[in-house]
Amino acid sequence: MTTDEDPADELLGRVFLCRVVEPGDEVGGRWVREFGVGEVVRRLRAGKRALPGVSEVRWAGLAARARRAEPERDLAVARAAGARFVGPHDAEWPRQLDDLGDARPIGLWVRGRPSLRMWALRSVAVVGARACTEYGTHMAATLAAGLAERGWVVISGGAYGIDGAAHRGALAARGATAAVLACGVDRPYPRGHAALIGRIAEQGLVVGELPPGDHPTPSRFILRNRVIAALTRGTVVVEAAARSGSLATARAAGRLGRFTMGVPGPVTSALSAGVHELLRGEATLVTDAAEIVELVGDMGELAPTRRGPVLPRDLLEPAVRAVLAALPGNRAATVEEIALGTPTTRDEAIARLYELRALGYVERHGDGWKLTRQAVMSVRTGHGPC
């Protein structure tokens with residue numbers, strides 16, 4: 001904003017530009033940066049002298065949009081829908097969006113009571129396929145619930161499939177979630193998620209670049225993804241085919257220096273092919289909320305070490321385990337045979353065998369020694385002998 005621009009004029013100017021300039025338009029963003037909001041608005045309203053970087057045809061199209069723009073009406077419609085407009089000079093503006101450079105949103109429409117800036121400071125994006133599997137739905141909901149329980153905000157796009165599962169998982173955990181839409185925040189899309197998006201607006205935040213009433217298009221979905229990537233500390237892709245918009249979110253996150261993560265799926269599933277391609281490259285494999293927080297969280301927020309169960313025989317002394325391992329699984333063996341298999345002395349083998357008998361691992365069979373039934377079963381099943 002130039003020094004002589006009034007904040008009220010700045011607000012109306014940005015609302016006007018949201019109606020005229022498409023989201024992510026870097027040419028429009030450069031105009032705002034170089035000339036200021038007021039000058040760009042004046043030139044577009046006049047429609048005569050084109051700003052640099054566009055053809056005559058494109059300038060004519062922008063001027064036509066400008067003639068129909070009514071920023072005061074857009075603000076009134078937004079207020080009626082419980083939404084507010086947040087610009088880069090407002091206290092609620094998330095500063096990490098500035099990483100988008102000239103592709104930074106001109107402003108954001110926000111429904112919901114919480115502060116977008118504060119929520120974005122501790123947020124993770126969970127995205128993925130619309131046509132997901134039961135496995136993908138389960139993983140998205142479980143990850144989102146785990147993140148919410150740890151005090152993280154789950155951000156997604158409000159779509160069918162993984163997005164919806166992530167929002168529902170966070171809400172079920174009584175946590176925080178925000179939906180970033182590719183349309184006006186007063187017009188929930190998809191229509192089948194009207195109730196879900198309404199619930200998110202009541203308990204969390206619904207965010208969008210487009211003015212009230214605007215509809216989504218394929219290109220707007222792709223451009224919306226850069227906002228999700230920039231708002232959050234990292235992006236988790238749960239399921240994604242080789243051609244998937246959620247991969248664009250992850251790659252945008254990577255370009256912005258955010259963490260990119262992927263949840264592996266069956267190698268035979270086409271819906272996990274895109275995730276696996278990410279994992280072969282720049283993404284980090286994650287399987288639960290703790291592993292996500294270890295990446296995006298503060299120093300010391302470590303996931304628990306993964307290890308198998310400790311079995312009773314793991315607690316035996318090495319010499320005792322060696323004697324136990326020397327016993328055949330299907331017959332009795334003499335002390336001499338066992339000592340040779342260890343190898344150790346005959347007396348040492350006898351001492352260890354009596355110790356093993358006291359623990360229930362072996363039993364005497366005449367002059368020989370044999371594994372007990374319980375010990376044989378423990379080897380096969382991984383459970384203890386007693």
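Modeller: Quick note before we start: Ala, Val, Leu, Ile, Met, Phe, Trp, Tyr, Cys and Pro count as nonpolar, Asp, Glu, Lys and Arg as charged, and the others, Gly among them, as polar. Also, this is a predicted model.

Colleague: Okay, so how do the residues lining the largest pocket divide into nonpolar, polar and charged?

Modeller: That pocket has a volume of about 290 Å³. Its lining has 21 residues, and those closest to the centre are G128, R130, R224, G245 and S246. Sorted by type, the lining comes to ten nonpolar, seven polar and four charged.

Colleague: Which element gives the most to that lining?

Modeller: The elements that give two or more residues are α10 (218-231) and α11 (245-255). With six residues, the one that gives the most is α10.

Colleague: Now the helices. Why is α7 called oblique to α13?

Modeller: Take α7 (residues 134-149) and α13 (residues 289-296): their axes come within 8 Å and cross at roughly 55°. Angles of 65 to 115 degrees would count as roughly perpendicular, and those under 35 as roughly parallel. The crossing angle therefore makes α7 oblique to α13.

Colleague: And which hand does the crossing of α7 and α13 have?

Modeller: We're still on the pair whose axes cross at roughly 55°. The crossing of α7 and α13 is right-handed.

Colleague: What kinds of residues make up the contact of α7 with α13?

Modeller: On the α7 side you'll find L143, G146 and L147, and they meet A289, I292 and V293 in α13. By type, the residues of this contact are five nonpolar, one polar and no charged.

Technical notes
Residues numbered from 1 in each chain as written. Predicted model: local features only at pLDDT ≥ 70, side-chain atom pairs only at ≥ 80, totals over all residues. Heavy atoms only, no water. Axes fitted to C-alpha atoms, helices over the stretch in contact; angles between N-to-C directions. Helix = DSSP H or I, 4+ residues; strand = E, 2+ residues; numbered from the N terminus. Parallel < 35°, antiparallel > 145°, perpendicular 65-115°, else oblique. Left-handed = near helix turned anticlockwise from the far one by under 90°. Contact = heavy atoms within 4.5 Å. 1 Å grid on protein atoms, 1.4 Å probe; cavity = no way out; pocket = protein on both sides within 12 Å on 5 of 7 lines; lining within 4 Å. Points joined across faces, edges and corners; volume = space filled by probe spheres on them.
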